[in-house]
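Opening the notebook on this one. I want to go through contacts, helices and charge pairs, one lookup at a time.

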Amino acid sequence: MKTILSTAAALLALSGTAAFAEGDVAAGEKDFNKCKACHAIVSPDDEVIVKGGKTGPNLWGVVGRTAGTEESFKRYSDEMQQLGAEGFVWTVEEIAAYTPNASDFLEEKLGLDKVRTAMTPQRLKDPTDVAAFLAQYGPEDDEDGEDDAEE
């Protein structure tokens, strides 16, 4: 039994925790089908990656973007704009926390009661997978994760 536990611990250490934190991009692509009723992914040069609705903002470059700042989207809630004004930047982890219930997320982040959002709670197999799928669409980042390109 001790050998099995040692082997399992060694395999876990060798695999690294980053693989678990990153999510499964292929599974995320499949689960994103639930999101595309309201969201599209369209590059700055108008390449349509995922054709979707316009009820929500374009999710190209969402990972690394300050909340509530997608220029083409004009219907952000006051709460989302407040979150952005406070300097909140979307990460894979934060997107994974947001997607199951946007209202609860904003209430917690902003210390508010009864936030109402247009985004309905999402039943995703693993929100980290969708966040990992989204993370692949955006500006090229340098090694420290910062986008050095001028917009």
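Started with N101: a polar atom of its side chain lies 3.0 Å from the backbone nitrogen of D104. This is a predicted model, so I am reading a computed distance here. I then checked the start of α6, where a side-chain oxygen of N101 also comes within 3.2 Å of the backbone nitrogen of S103. N101 itself lies in the loop between α5 and α6. Buried or exposed, or in between? N101 counts as partly exposed, because its relative accessibility is 22% and buried means under 20%. I also looked up a C-alpha distance: N101 and M119 are 18 residues apart along the chain, and their C-alpha atoms are separated by 7.9 Å.

**Helix α6**

Next I walked along α6, which runs over residues 102-110. Which residues of α6 are buried? I get A102, S103, F105, L106 and L110. Looking down the axis of α6, these buried residues fall within an arc of 160°, so they line one face of the helix. What covers them includes α4 (78-85) and α5 (92-98). Just after α6, I noted that G111 takes a positive phi of about 70°.

**Helix α4**

I went on to α4, since it turned up in the cover of α6. In α4, the residues M80, L83 and G84 are buried. Down the axis of α4, they fall within an arc of 100°, so they too line one face of their helix. I turned the view to the face of α4 away from the buried side and found the exposed residues D78 and A85 there. The buried residues of α4 pack against α5 and α6. Just after α4, G87 takes a positive phi of about 90°.

**Core**

In soluble globular proteins, nonpolar side chains tend to be buried together. I pulled up the largest nonpolar core, which has 28 residues. Which of its members touch the most other members? They are F32, I41, M80, L83, W90 and L134. I then asked which helices feed this core, and α4, α5, α6 and α7 (127-135) each supply at least two residues. I listed the neighbours of M80, leaving out residues up to four places away in sequence: it touches A67, G68, W90, Y98 and L106. L106 is one of the buried residues of α6, and M80 one of those of α4.

**Charge pairs**

Side chains of opposite charge can pair when their charged atoms come close. How many salt bridges are there? I count three.

I took K109 and E94 first, with their closest N and O atoms 3.1 Å apart. This pair links distant parts of the chain: K109 sits in helix α6 and E94 in helix α5, 15 residues apart. K109 counts as partly exposed, at 34% relative accessibility.

Then I looked at D31 and K34, whose closest N and O atoms are 3.3 Å apart. D31 counts as buried at 7% relative accessibility, whereas K34 is partly exposed with a relative accessible area of 43%.

Last came E70 and R65, with closest N and O atoms 3.3 Å apart. I checked burial here as well: both E70 and R65 are buried.

How values were computed. Residues numbered from 1 in each chain as written. Predicted model: local features only at pLDDT ≥ 70, side-chain atom pairs only at ≥ 80, totals over all residues. Heavy atoms only, no water. Buried < 20%, exposed > 50% of the residue type's maximum accessible area, 1.4 Å probe, protein only. Helix = DSSP H or I, 4+ residues; strand = E, 2+ residues; numbered from the N terminus. Arc of directions from axis to C-beta. Contact = heavy atoms within 4.5 Å. Polar contact = N/O pair within 3.5 Å; in protein donor to acceptor, adjacent residues only side chain to side chain. Core = buried A, V, L, I, M, F, W, Y, C linked by side-chain atoms within 4.5 Å. Salt bridge = Lys/Arg side-chain N within 4 Å of Asp/Glu carboxyl O.
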